[in-house]
Amino acid sequence: MADINETQLEDEEADALVAAGDPFRMFQDWLEKARVSELNDPNGMALATVDETGLPDVRMVLLKAADEQGFVFYTNLESAKGRELAANAKAALCFHWKSLRRQIRVRGLVTRVSDAEADEYFASRPRQSQIGAWASRQSRPLESRFELEREVARYVAKFGLGKVPRPPHWSGFRIVPVSMEFWRDRPFRLHDRLVFERETPDEPWRTSRRFP
């Protein structure tokens, strides 16, 4: 009976969020539940882009900020994903929380975060990660692990005990969603699929349900 009551409560909460037309509140609610139940990286998300031939590319990245403006992550702008997003400013995300048996799919347009945002986040990183952002020529060929360690040592010596500035090739991207799908496991594969859609980021959300 407890499971039935819990499901009914979740249905009521979801219906209220649908009525409010607010997928971001629903996302934050699910993310907070994941922070409790997921052992590692509840903010991990699969990021999908396409290369210059249209071939899809996907990898895991970490969500660093999320609000009504979109979903933010940071990277080397000269990496494969950085180059692909510069050429085609559209992307898809997928959050999957096995412990909750839930996932959220996001599709949207991509913009760069401001220099002020990037500076603020970079300053909050551990010093070793700041050094790593300078040392790693992300996505490019690496002859050996020693080459990477040598670059790390070079920048440790360069910056000494002083402040490590943000590299000009390191910043963040914001995915501004035009589609968000909330998927919840149900028995016998009769899953819940709730979709929020809009043509542009300036328009109100439309909601619908999909067959599992």
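This is a short tour of a predicted model, stop by stop, with something to select at each one.

**Stop 1: helix α2**

Start by selecting residues 23–37, which make up helix α2. How far apart are its end C-alpha atoms? They are 21 Å apart, and that agrees with the 21 Å that 15 residues should span at 1.5 Å a residue.

Now colour the buried residues of α2: Pro23, Phe24, Met26, Phe27, Trp30, Leu31 and Ala34. Turn the view until you look down the helix axis. Those buried residues fall within an arc of 155°, so they line one face of α2. The background is simple: an α-helix has 3.6 residues a turn, so residues three or four places apart point the same way. Swing round to the face turned away from the buried side and you'll meet the exposed residues Arg25 and Val36.

Before you leave, show the side chain of Asp22. This residue caps the N-terminal end of α2, with a side-chain oxygen 3.2 Å from the backbone nitrogen of Phe24.

**Stop 2: the nonpolar cores**

Next, select Phe27, Phe71, Phe95 and Phe182. These are the residues with the most contacts inside the largest nonpolar core, which has 28 residues. Which elements supply at least two residues each? They are α2, β1 (44–50), β4 (70–76), β5 (90–97), β6 (102–112), β7 and β8. Helix α2 gives the largest share of this core, 6 residues.

There is also a second, separate core of 14 residues; pick out Val72, Tyr121, Phe122 and Val164, which are among its members.

**Stop 3: Phe182 and its strands**

Go back to Phe182 and show what surrounds it. Leaving aside neighbours within four places in sequence, Phe182 is in contact with Pro23, Met26, Phe27 and Trp30, with Gln103 and Ile104, and with Asp192, Arg193, Leu194 and Phe196. One of these, Leu194, is the bridge partner of Phe182 in β8.

Widen the selection to strands β7 (residues 170–184) and β8 (residues 192–197): they run antiparallel and are joined by 6 bridges. Then add β9 (residues 206–209), which pairs with β8 over 4 bridges, again in the antiparallel sense. To find a spot along that pairing, click on Glu197, whose bridge partner in β9 is Arg206.

**Stop 4: Arg174**

Stay in β7 and select Arg174. Buried or exposed? Arg174 counts as buried, because its relative accessibility is 14% and the cut-off is under 20%. Show the side chain of Glu117 as well, and you'll find a polar contact of 2.5 Å between the two side chains. Not counting residues up to four places away in sequence, Arg174 also touches other residues, including Gln69, Gly70, Phe71, Val72, Leu109 and Val110.

**Stop 5: helix α3 and Asp57**

Move to helix α3, residues 80–87, and colour Ala80, Lys81, Gly82, Glu84 and Leu85, which are buried. What do they pack against? Show strands β1, β2 (56–62), β4, β5, β6 and β7 to see their packing partners.

Finish in β2 with Asp57. This residue counts as partly exposed, at 28% relative accessibility. Apart from neighbours within four places in sequence, Asp57 is in contact with Leu47, Ala48, Thr49 and Glu84. As a last distance check, draw a line from Asp57 to Tyr121: they are 64 residues apart in sequence and 26 Å apart in space, C-alpha to C-alpha.

Methods:
Residues numbered from 1 in each chain as written. Predicted model: local features only at pLDDT ≥ 70, side-chain atom pairs only at ≥ 80, totals over all residues. Heavy atoms only, no water. Pairing = 2+ DSSP bridges. Expected span 1.5 Å × (residues − 1). Buried < 20%, exposed > 50% of the residue type's maximum accessible area, 1.4 Å probe, protein only. Arc of directions from axis to C-beta. Polar contact = N/O pair within 3.5 Å; in protein donor to acceptor, adjacent residues only side chain to side chain. Core = buried A, V, L, I, M, F, W, Y, C linked by side-chain atoms within 4.5 Å. Contact = heavy atoms within 4.5 Å.
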